[in-house]
Amino acid sequence: MSRDICVHSWPCSYYLELEKRWVPGRLLLTSLSLKFMTDKTGDLLVSFPLASIIEIKKEASHFIFSSITILEKNHVKHWFSSLQPSRNVVFYVVEHFWRELLLSQPGAAVEASSSPKTKGQELTGLMASSQKRLEDAARVLHHQGEQLDSIASSLDKMESDLDVADRLLTELESPSWWPFSSKLWKMPSDTKARGHSSMTCSKALGKEGTVIRIPAVISQRTESHVKPGRLTILVSGLEVHDSDSSLIHRFEREDVDDIKVHTPYEVSIRQRFIGKPDIAFRLISARMPEVIPILEMQFNKKVELLEDALMIRSTGTSSPVKKGYSVWQGASGLMDCARHREPSTGSQEGGPLQLQVTEPLISEENTQELRQILGKLKGLALDAEAELERQDEALDDITTAVDRTTLTVDKHTRRMKKLT
């Protein structure tokens with residue numbers, strides 16, 4: 001299965017060393033390689049893997065024209081100039097994908113091109129990605145449970161405050177000559193204690209849960225102004241940082257109006273305003289495929305897959321649910337096939353039996369690794385199920401408490417109106 005998906009393309013010119021001339025065309029960046037296609041014929045003039053790059057630099061051709069030079073391991077130097085919308089945009093994006101490829105799988109891209117993966121390795125990779133997806137979902141569930149606990153404690157405090165309000169209203173409603181009225185409700189120690197508890201509660205509510213943090217190339221307003229940075233997904237929202245870890249903008253969860261997925265590696269996030277410009281960021285990252293499923297889970301109705309992303313998803317990859325189902329089916333089928341492979345007969349009319357020795361589809365090492373991953377997946381799934389059941393019960397309790405608190409507030413409001 002090919003995962004070499006086109007990330008972006010830019011108009012530019014490539015320098016032909018043999019002919020001493022510049023050729024106009026487009027520079028194509030994929031997840032694993034860099035290519036140049038000519039405008040005139042549409043042929044691929046240059047194509048090389050990102051793993052073979054040893055240096056990317058900004059230089060000037062003939063000391064005038066700004067260019068990008070890429071040096072390969074075989075000491076072949078490629079010159080690209082007339083880059084649109086700007087040289088910095090292309091440089092930051094290409095350098096980001098090159099560095100992320102080297103950091104994520106050092107040497108793996110070269111080995112993958114020389115020797116194809118076995119079925120066992122492919123299945124192990126799929127199971128590992130499913131485990132990582134389930135771990136991310138479990139982390140989100142855990143932080144969601146903490147938020148529900150904070151909401152429940154806040155509701156308990158609200159009911160306690162409403163009890164105090166009820167006593168105060170009863171005192172105000174009693175006549176002035178009533179001998180049993182007292183002014184002991186507002187005690188300094190009680191006020192201080194309640195202030196301290198409210199501060200503690202606000203601190204508890206203010207704790208952030210980081211789901212995932214990835215490096216990205218960030219552009220705002222125009223595509224010609226980009227800079228490297230970082231995208232952080234929190235339980236309560238999103239944060240965009242620059243390369244110095246300074247906060248550029250924070251999106252609260254309710255502030256995000258739409259998230260558009262242009263490709264598996266590029267998304268745009270927008271917050272709309274009336275009477276002033278919208279706040280929008282466009283982010284490109286080699287690790288964006290890890291983030292998109294989490295965004296779909298947190299902002300499911302606000303995420304829009306554009307045409308390119310839909311085409312890639314429909315042709316290349318399936319949905320997480322279907323993918324997980326096919327992984328489980330493939331794991332059980334292939335493991336059974338590897339364990340119970342029987343010898344075949346050589347003759348149909350009682351001839352001598354001949355054993356055909358064939359290599360198993362999955363090696364013993366891959367089988368052991370798959371067993372370990374399946375055990376972890378089973379444990380994660382059971383923990384997630386138990387947490388979901390607990391949260392369902394907590395939601396029922398919260399719903400009951402909210403209804404009870406609403407009735408009490410309405411009752412107190414009517415009593416206050418009578419006093420005024």
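Is Phe-36 buried or exposed? At 0% relative accessibility, Phe-36 counts as buried. The views below come from a predicted model.

**View 1. The whole chain, with eight helices and 15 strands.**
The chain has 420 residues, and 34% of them are buried. It exposes about 26000 Å². Carbon and sulfur atoms supply 56% of that area. Among contacts with a separation of 6 or more, residues 24 or more positions apart account for 53%.

**View 2. An open sheet of seven strands.**
The strands follow the order S4-S3-S2-S1-S7-S6-S5, and their pairing is antiparallel. Strand S4 (44–49) and strand S5 (53–61) stand at the edges. Each has a single partner strand, so one side of each is left without a neighbour in the sheet. Neighbouring strands are turned by 30° against each other on average, direction ignored. Strands of a sheet pair through backbone hydrogen bonds.

**View 3. Strand S3 beside the edge strand S4, with helix H1 on the sheet.**
Strand S3 covers residues 33–38. Five bridges join S3 to S4, and the two run antiparallel. Ser-33 stands opposite Pro-49 in S4. Helix H1 (residues 87–104) packs on the sheet. H1 touches strand S1 (6–16), strand S2 (21–30), S3, S5 and strand S6 (65–72). The direction of H1 makes about 170° with that of S5.

**View 4. Strand S1 and its two partners, S2 and S7.**
S1 is mostly covered: eight of its 11 residues are buried. S1 pairs with S2 in the antiparallel sense over 10 bridges. One of the paired positions joins Ser-9 to Leu-28 in S2. S1 also pairs with S7, again in the antiparallel sense, over two bridges. Here the bridge partner of Tyr-14 is Phe-80 in S7.

**View 5. A cluster of rings: Tyr-14, Phe-36 and Phe-80.**
The structure holds seven aromatic pairs. One of them is formed by Tyr-14 and Phe-36. Their centres are 5.5 Å apart, with 35° between the planes, and the pair is tilted. Tyr-14 lies in strand S1 and Phe-36 in strand S3, so the pair ties together parts that are 22 residues apart in sequence. Both Tyr-14 and Phe-36 are buried. Phe-36 also pairs with Phe-80. This second pair is tilted too, at 6.3 Å centre to centre and 50° between the planes. Phe-36 sits in strand S3 and Phe-80 in strand S7 (residues 77–81), 44 residues apart. Phe-80 counts as buried because its relative accessibility is 2%, under the 20% cut-off. Ring pairs thus link the three residues Tyr-14, Phe-36 and Phe-80 into a cluster.

**View 6. Two lysines over ring faces.**
Lys-58 lies over the face of Tyr-92, at 5.1 Å from the ring centre. Tyr-92 falls within the residue range 87–104 of helix H1, and Lys-58 within the range 53–61 of strand S5. A second lysine, Lys-276, lies over the face of Phe-273. Lys-276 is 4.4 Å from that ring centre.

**View 7. The hairpin of S1 and S2, with Lys-20 in the loop.**
The hairpin has four residues between its strands. Lys-20 lies in the loop between S1 and S2. Lys-20 has a positive phi of about 55° although it is not a glycine. Most residues other than glycine have a negative phi. At 54% relative accessibility, Lys-20 counts as exposed.

**View 8. The loop between S7 and H1, with Ser-82 and Pro-85.**
Ser-82 is found in this loop. Ser-82 has a positive phi of about 55°, and it is not a glycine. At 47% relative accessibility, Ser-82 counts as partly exposed. Pro-85 is found in the loop between S7 and H1 as well. The peptide bond from Gln-84 to Pro-85 is cis, with omega near 5°. Most peptide bonds are trans.

How values were computed. Residues numbered from 1 in each chain as written. Predicted model: local features only at pLDDT ≥ 70, side-chain atom pairs only at ≥ 80, totals over all residues. Heavy atoms only, no water. Pairing = 2+ DSSP bridges. Axes fitted to C-alpha atoms, helices over the stretch in contact; angles between N-to-C directions. Contact = heavy atoms within 4.5 Å. Phe/Tyr/Trp six-rings, centres within 6.5 Å; stacked < 30°, edge-to-face > 60°. Buried < 20%, exposed > 50% of the residue type's maximum accessible area, 1.4 Å probe, protein only. Lys NZ or Arg CZ within 6 Å of the ring centre and 35° of its normal. Areas by Shrake-Rupley, 256 points an atom, 1.4 Å probe, with all protein chains shown as cover.
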